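User: Hello! Could you take a close look at one part of this protein for me, the open sheet and what packs on it, and then tell me how a few other parts compare in their surroundings?

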Amino acid sequence: MQFFNRSSIRKTLQLVLLTVSSAALLMAIIGFAINDWYVSKQQLYTQLRSEASIIANNSIAALTFGDLESAQRTIASLRNENNIIAAALYSSDSTLFAKFENKPGYLPLKPLSNGQGEYQGLLYQQLAIALDQDNIGSILLLADLSQWRQQQYDRLLTVFSLFILALLGALFIASRLQNFVTQPLISLAKTVRTITKSKDYRLRAQVLSKDEIGLLASDFNQMLDQIQLRDESLRLAQEQLEEKVKERTQKLQILTKELQHQAHHDALTGLANRTHFDERLRNSIAGVNDKGAGFSVMFLDLDRFKMVNDTLGHDVGDALLVAIAQRLKACLGAEDTLARLGGDEFAVLLNHGNPTRTQSIATQLLTQVCNPVEVNGYNLQMSTSIGVAMVPKDGSDVATILKNADTAMYHSKESGRNRVTFFNQDMNLRLERRLLLENHLRDAIEQKQLSVHYQAKWSCAEHRLIGVEALVRWFHPTLGEVSPEEFVPLAEECGVIVDIDRYVMNYACQDLLTLHTMGFTDLQLSVNFSPRHFSQPDTAKAVADILRTTGFPGSRLELEITESLLGPDAEDIYEQLQAIHALGVEISIDDFGRAYSSLSRIKQLPLHTLKIDRDFIRDLGQDADDETLVVTIITMAHNLNLKVVAEGIETEAQYRFVVENNCDLVQGFLFSRPVEFSQLLGLVKQPGAVRG
């Protein structure tokens, strides 16, 4: 098969045809030569046998009578036969009787064993001579093969010449025949090359015959049909894919721009975010280093914004943030940067370092925030606390500048909110004190440094002390007495207020139980209860555990919660309050009037009492609006079957006003300051404890 491995089908086919025809001719010639050799040789044997038979018949008498002369003459008759070399007559005892030799030295002395064959390169024929079926001798003829061999050579040469001529003819025929066979293949191959080069699948191969090559061309054309259909489909798919890629690329470009915008802007307000603000701040710091021009940074935090979220919901809170953001932006120039850092915190980067101008802009911001805002039907009035850091005086890196502005903002809140405070180094001392207090506060809980004081509650109708509110106090061994106004908000922020409330409740329940055993069983205990309790699932269980361990009756305990708990998303809080109420514990709302409570939500709660915020009590007799608001709260509470407590009563005028407007209970310095348990014991025993 390797022999026929050719690059050209034409040459291979031509070689195949030539090989096949040559093999056929060669086999025919070989067959003919073998047959001719055999036949011609048999003819020689036949001729020798015939001549030997004639001589044998003519020599019978000579052998019978021993007539040597007659036998010699008979054999000598073979002298005229060109091919006879020698002849011999043998007697019955196999002795040579008579002979004839054209070439001496070839005759054997005795007869040969076979009737015919070759002997010393000569062809021989040997016959027995019989008389009446008795063997009387034999005759041997030797014939020369040279003439026969020459004839064979001549014939072979003739046949070989014919073979050469036939081979040339076959080559001629093969060359013509392969053109006939390969022409369709060549045409098909040419078409294939053209299609491969041009990628034009509309071209078709020409069908030149109906044989296998024609079928191949037809199948090839059908394959091209399928390829053309597939090519059209792929081309259409490619066009669609390119269109999709183009469309997707455009979308990705838009999305990239949106993501870039989102990466540097607040999603709610559209203002710059913390990342963008820090970047602008770094650039401004670099400008200070290069040119020496200063700038200022403001931190703004909305006051009591959490109450809006908790009472009116996050939708209202978000809308309020958007409205305030627009107001703040309107107060600033195009070169200034306003950012929302998160929650209700905003930051402003002013491109100048003039304190007077900074104060003026900060005042405008305060004014804009304080203007009433109508959001979703609510008329809200907010305020903000602002802290200012001047660069480079108050810092030379991003972290320091932001920290100092934040510290100044907290100072504004601690100073009463709704004001502007410029940073100074003394503020860091106050910040350090906050951190110090936070660390000591955790230790104070563990080491039981906290104490409980009690402020009396007086019944306006009965003119007597009917309950007390437990208030926590802290006296540190080295820091001295720490004001509740300082450490209670700190406890809220750092998350330890829950532990403090439970500590106070447990301690106060034990103290009041002591008074109950002394006969003052009507005294009710009020304990402040932080909103953080309701972020834990075991709030009701914790209250029940304290009542069980102390033995204090739940019916004499009142928990004071803040109004901010009464938000629209407080279903779980309602359930916890119901669980606490099931223990017999009463629930009151402390500092009522600060938030934006819904009457419908108040009606759903298991409430017993409303405590009017001391800010409304302070100006009674001086502010008509506060008086109207207090009367409205008392009337509303009574319509809801709730008791009303006025806290912060410090003057007789305040007391008379709330009594005249049917307030149920009062609490304040006019009656008693917060006292220790030993002083409370003396207070409840005094006959003059009842006011007339």
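Analyst: Happy to; what follows starts with the sheet, moves to its helices, and then visits some other parts of the chain.

A word on confidence comes first. This is a predicted model. The mean pLDDT of the protein is 84, and 93% of the residues reach 70 or more. Among the elements, strand 16 (residues 524-528) has the highest mean pLDDT, 94, while helix 16 (residues 599-604) has the lowest, 70. Where pLDDT is low, the predicted coordinates should not be read in detail.

Now to the sheet. Its 5 strands follow the order 7-8-6-11-12, and the pairing is mixed. Strand 7 and strand 12 (420-422) are the edge strands, each pairing on one side only. From one strand to the next, the twist averages 20°.

Let us walk across from the strand 7 edge. Strand 7 (residues 337-342) runs antiparallel to strand 8, and 5 bridges join the two. Within this pair, Leu-338 stands opposite Val-348 of strand 8. The two strands form a hairpin with 2 residues between them, and there Gly-343 takes a positive phi near 60°.

Strand 8 also pairs with strand 6 (residues 295-302), again in the antiparallel sense, over 6 bridges. Here Val-297 has Leu-349 of strand 8 as its bridge partner. Is strand 8 enclosed by the rest of the structure, or open? Because 5 of the 6 residues of strand 8 (residues 345-350) are buried, that strand is largely enclosed by the rest of the structure.

On we go to strand 11 (residues 384-391), which is antiparallel to strand 6 and joined to it by 8 bridges. One facing pair is Asp-301 with Ser-385 of strand 11.

Two helices pack on this sheet. Helix 8 (residues 314-330) touches strand 6, strand 7 and strand 8, and its direction makes about 155° with that of strand 7. Helix 9 (residues 355-370) touches strand 6, strand 8, strand 11 and strand 12, with its direction at about 160° to that of strand 11.

Next, the other parts you asked about. Helix 11 (residues 426-446) has 21 residues, which at 1.5 Å a residue should span 30 Å; the end C-alpha atoms of helix 11 are 31 Å apart, which agrees. Buried residues in helix 11 include Leu-437, Leu-441, Ala-444 and Ile-445. An α-helix has 3.6 residues a turn, so residues three or four places apart point the same way. After helix 11 comes Lys-448, with a positive phi near 55°.

Strand 18 offers a parallel arrangement. Strand 17 (residues 557-562) runs parallel to strand 18, joined by 5 bridges, with Thr-562 opposite Asp-590. Strand 18 also pairs with strand 19 (residues 609-612) in the parallel sense, over 3 bridges, and Ile-589 stands opposite Leu-610 there. Since 7 of the 7 residues of strand 18 (residues 586-592) are buried, the strand is largely enclosed by the rest of the structure.

Last comes a single residue, Ser-138, which lies in strand 5 (residues 134-143). Ser-138 counts as buried because its relative accessibility is 9%, below the 20% cut-off. Beyond its neighbours within four places in sequence, Ser-138 contacts Ala-88, Leu-89, Tyr-90, Pro-111, Leu-127, Ala-128 and Ile-129.

Technical notes:
Residues numbered from 1 in each chain as written. Predicted model: local features only at pLDDT ≥ 70, side-chain atom pairs only at ≥ 80, totals over all residues. Heavy atoms only, no water. Helix = DSSP H or I, 4+ residues; strand = E, 2+ residues; numbered from the N terminus. Buried < 20%, exposed > 50% of the residue type's maximum accessible area, 1.4 Å probe, protein only. Contact = heavy atoms within 4.5 Å. Pairing = 2+ DSSP bridges. Expected span 1.5 Å × (residues − 1). pLDDT = per-residue confidence, 0-100. Axes fitted to C-alpha atoms, helices over the stretch in contact; angles between N-to-C directions.
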